[in-house]
2 protein chains.
Amino acid sequence: MDNRAIGFMDSGVGGLTVVREALRQLPLESIYFIGDQARLPYGPRSSTEVRKFSEQMATFLMKKDIKMLVIACNTATAAALEDLKEKLPIPVIGVISPGSRAALKVTRNRRIGVIGTEGTIKSKAYETAILSKDSSVQVYSLACPKFVPLVESNEYDSPVAKKVVAETLRYFENKDVDTLVLGCTHYPLLRPIIQDVMGSQVKLIDSGAETIGTVSALLDYFDIAKNSNGEKSKDAYYTTAAPKSFNQIASQWLQIKVAAQKARIDQLHLEVN
Amino acid sequence: MDNRAIGFMDSGVGGLTVVREALRQLPLESIYFIGDQARLPYGPRSSTEVRKFSEQMATFLMKKDIKMLVIACNTATAAALEDLKEKLPIPVIGVISPGSRAALKVTRNRRIGVIGTEGTIKSKAYETAILSKDSSVQVYSLACPKFVPLVESNEYDSPVAKKVVAETLRYFENKDVDTLVLGCTHYPLLRPIIQDVMGSQVKLIDSGAETIGTVSALLDYFDIAKNSNGEKSKDAYYTTAAPKSFNQIASQWLQIKVAAQKARIDQLHLEVN
């Protein structure tokens with residue numbers, strides 16, 4: 001039993017797709033979220049840099065006294081999960097293993113597509129995770145560097161988004177995948193468009209949503225779920241940029257009023273570049 | 001990476017319903033299974049006794065050098081999970097938390113039925129697990145002491161089974177549950193009959209099958225999944241009784257030829273009473 005909050009971190013608003021699932025599946029748990037909007041996108045950055053930024057975000061949340069850390073960002077999971085698991089005294093969970101397991105459970109023809117940022121795709125983290133469990137599967141990976149900016153600029157259901165998604169995913173036309181992993185927590189906001197382009201026969205795996213199943217299992221395993229009698233402390237949202245656009249997307253996506261606090265760069269000793 | 005086997009233990013053949021799911025979802029992993037048929041059913045025994053027997057089974061598997069222990073028995077999970085988690089140097093997983101989580105995820109009307117052995121129902125383990133996550137749910141629990149003997153005597157699709165199941169489950173007639181937890185790993189063998197009696201609108205939760213999702217998550221979390229390049233060591237099945245009936249049910253249920261070895265009581269320092 002542990003009544004402290006669960007920490008979630010992301011490069012921006014993408015991690016909110018994971019939070020949405022947490023609000024649904026774990027209504028009693030308190031949530032602290034930080035999005036590093038001042039330095040997004042993480043996708044094109046080097047893994048060394050992403051690891052450093054991730055460590056800063058994790059330190060920020062640790063100071064708020066969290067009981068578990070969810071790296072609600074695929075790029076950061078690929079770059080920093082092992083590092084943070086080793087360094088932090090609390091359970092740390094990434095989004096790549098849960099997404100990989102879900103894809104393997106769902107595929108019938110053993111042909112799996114993975115879309116993600118350049119960082120995630122370059123890391124081959126999904127391929128490695130999937131093939132380590134079943135080497136007979138075919139994995140087709142595609143970096144989609146244009147997707148995160150669409151979401152962060154709140155254009156995720158615009159005609160531009162439709163055009164960009166259709167053009168990008170043309171890569172899968174002759175790949176015959178029956179399962180596509182949304183290997184970036186921003187992508188579920190583009191889900192209707194992606195589903196439309198891929199066709200209804202392709203199952204989309206939302207890695208972030210799958211991750212909450214793992215979070216829930218680990219809360220039980222370590223016996224740190226919240227006591228149902230304890231009062232729920234208020235959820236808190238932070239962003240390293242101006243909160244206005246964050247609040248807009250967050251309130252829309254989570255269907256609750258979100259008033260994020262600015263996590264000031266100078267207070268956090270974060271460096272912007 | 002850890003190429004050792006995962007240990008599964010049960011009072012009898014029920015745990016094989018969990019093994020079947022492991023063979024499906026984790027085809028690379030090696031499995032050691034022991035069923036304590038000489039002393040079943042566990043259901044009517046005291047929790048002190050079940051805890052003692054569980055410890056003996058766990059010791060037997062630990063001597064075979066397993067990397068993880070799955071208590072593939074609800075009665076033993078209720079009585080011995082905490083004890084074994086504390087004593088063993090490897091991850092120990094029970095079937096009750098995964099089943100509870102799955103039920104909460106599936107229910108729409110928040111009325112959940114639980115069936116299990118006398119020991120499991122008396123322990124209130126499911127009720128406690130479910131209500132600790134959502135105290136607004138109604139849980140209706142029923143002990144079904146006649147079900148395990150039906151399965152262990154290989155009568156699980158006989159007319160007698162149909163009659164017994166229908167009579168027993170009459171309890172739920174006016175309870176309006178939309179979800180029923182099969183809170184005993186033997187019950188999935190009675191699943192078609194149970195579904196028929198409850199009606200197709202009631203979702204049945206197979207706790208054992210749900211447990212493999214947690215096993216898979218923990219293999220990843222602790223980084224002890226099997227290396228896909230390593231050769232799979234042979235699965236091994238043990239029973240404390242004569243293997244004949246065990247092999248018959250196991251081969252039928254798992255759709256593979258099973259030749260269990262007798263785990264001799266005197267060698268194991270197990271006491272039969």
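Student: How many residues of domain 1 of chain A are in contact with domain 2 of chain A, and how many on the other side?

Tutor: This is a predicted model. In this model, 30 residues of domain 1 of chain A are in contact with 27 residues of domain 2 of chain A. Contact here means heavy atoms within 4.5 Å.

Student: What makes domain 1 and domain 2 of chain A separate entries?

Tutor: The domain assignment, which gives 5–94 + 209–268 as domain 1 of chain A and 96–208 as domain 2. Taken over C-alpha atoms, the centres of the two domains are 22 Å apart.

Student: How much area do the two domains of chain A bury between them, and which residues of domain 1 lose the most?

Tutor: About 2100 Å² is buried between domain 1 and domain 2 of chain A, and 55% of that is on carbon and sulfur atoms. On the side of domain 1 of chain A, the residues that lose the most area are Asn74(A), Glu210(A) and Ile249(A), together 27% of what that side buries.

Student: How many salt bridges and how many polar contacts cross between the two domains?

Tutor: The rule finds 0 salt bridges across the interface of domain 1 and domain 2 of chain A. A salt bridge needs a side-chain nitrogen of Lys or Arg within 4 Å of a carboxyl oxygen of Asp or Glu, so a count of 0 says that no such pair was found across this interface. Polar contacts are counted by another rule, and 21 residue pairs in polar contact are found between the two domains.

Student: Which elements of domain 1 of chain A touch domain 2, and what classes of residue are there?

Tutor: Helix H1 (16–25), helix H3 (74–87), helix H10 (207–221) and helix H11 (243–254) of chain A each give two or more residues to that side. By class, the side holds 12 nonpolar, 16 polar and 2 charged residues.

Student: What makes the pair Lys133(B) and Asp220(A) a salt bridge?

Tutor: The N to O distance between their side chains is 2.7 Å. The cut-off is 4 Å, between a nitrogen of Lys or Arg and a carboxyl oxygen of Asp or Glu, so the pair qualifies. The rule finds 4 salt bridges across the interface of chain A and chain B, and 24 over all chains.

Student: Which elements of chain A touch chain B?

Tutor: Helix H4 (96–106), helix H6 (125–133) and H10 of chain A each give two or more residues to that side. H10(A) has the largest share, 6 residues. The side as a whole has 8 nonpolar, 6 polar and 7 charged residues. Chain A and chain B bury about 1900 Å² between them, 51% of it on carbon and sulfur atoms. In chain A, Lys133(A), Asp220(A) and Tyr221(A) lose the most area to chain B, together 32% of what that side buries.

Student: How do you know through which surface the copies meet?

Tutor: 100% of the interface residues of chain A are also interface residues in chain B, so the copies meet through the same surface. The counts are 21 residues of chain A in contact with 21 residues of chain B.

Student: What rotation superposes chain A on chain B?

Tutor: A rotation of 180°, with 0.0 Å of shift along its axis and an RMSD of 0.0 Å. The two copies are therefore related as by a two-fold rotation axis.

Student: How far apart in helix H1 of chain A are Arg24(A) and Glu21(A)?

Tutor: They are 3 residues apart, so about one helical turn separates them. Arg24(A) and Glu21(A) form a salt bridge, with the closest N and O atoms 3.5 Å apart. That value is within the 4 Å cut-off, so the name applies.

Student: What is omega for the peptide bond from Leu40(A) to Pro41(A), and what is the bond called?

Tutor: Omega is near -5°, and the bond is cis. Pro41(A) lies in the loop between strand E2 (31–35) and helix H2 (47–63) of chain A. In chain B, a cis peptide bond joins Leu40(B) and Pro41(B), with omega about -5°.

Student: What is the sign of phi at Lys124(A)?

Tutor: Positive, at about 55°, although Lys124(A) is not a glycine. Most residues other than glycine have a negative phi. Lys124(A) is in the loop between helix H5 (118–123) and H6 of chain A.

Conventions. Residues numbered from 1 in each chain as written. Chains lettered and ligands numbered in written order. Predicted model: local features only at pLDDT ≥ 70, side-chain atom pairs only at ≥ 80, totals over all residues. Heavy atoms only, no water. Domains from an automatic or database assignment. Buried area = accessible area lost by both parts, 1.4 Å probe. Polar contact = N/O pair within 3.5 Å; in protein donor to acceptor, adjacent residues only side chain to side chain. Helix = DSSP H or I, 4+ residues; strand = E, 2+ residues; numbered from the N terminus. Nonpolar A, V, L, I, M, F, W, Y, C, P; charged D, E, K, R; others polar. Least-squares fit on C-alpha atoms with pLDDT ≥ 70 in both.
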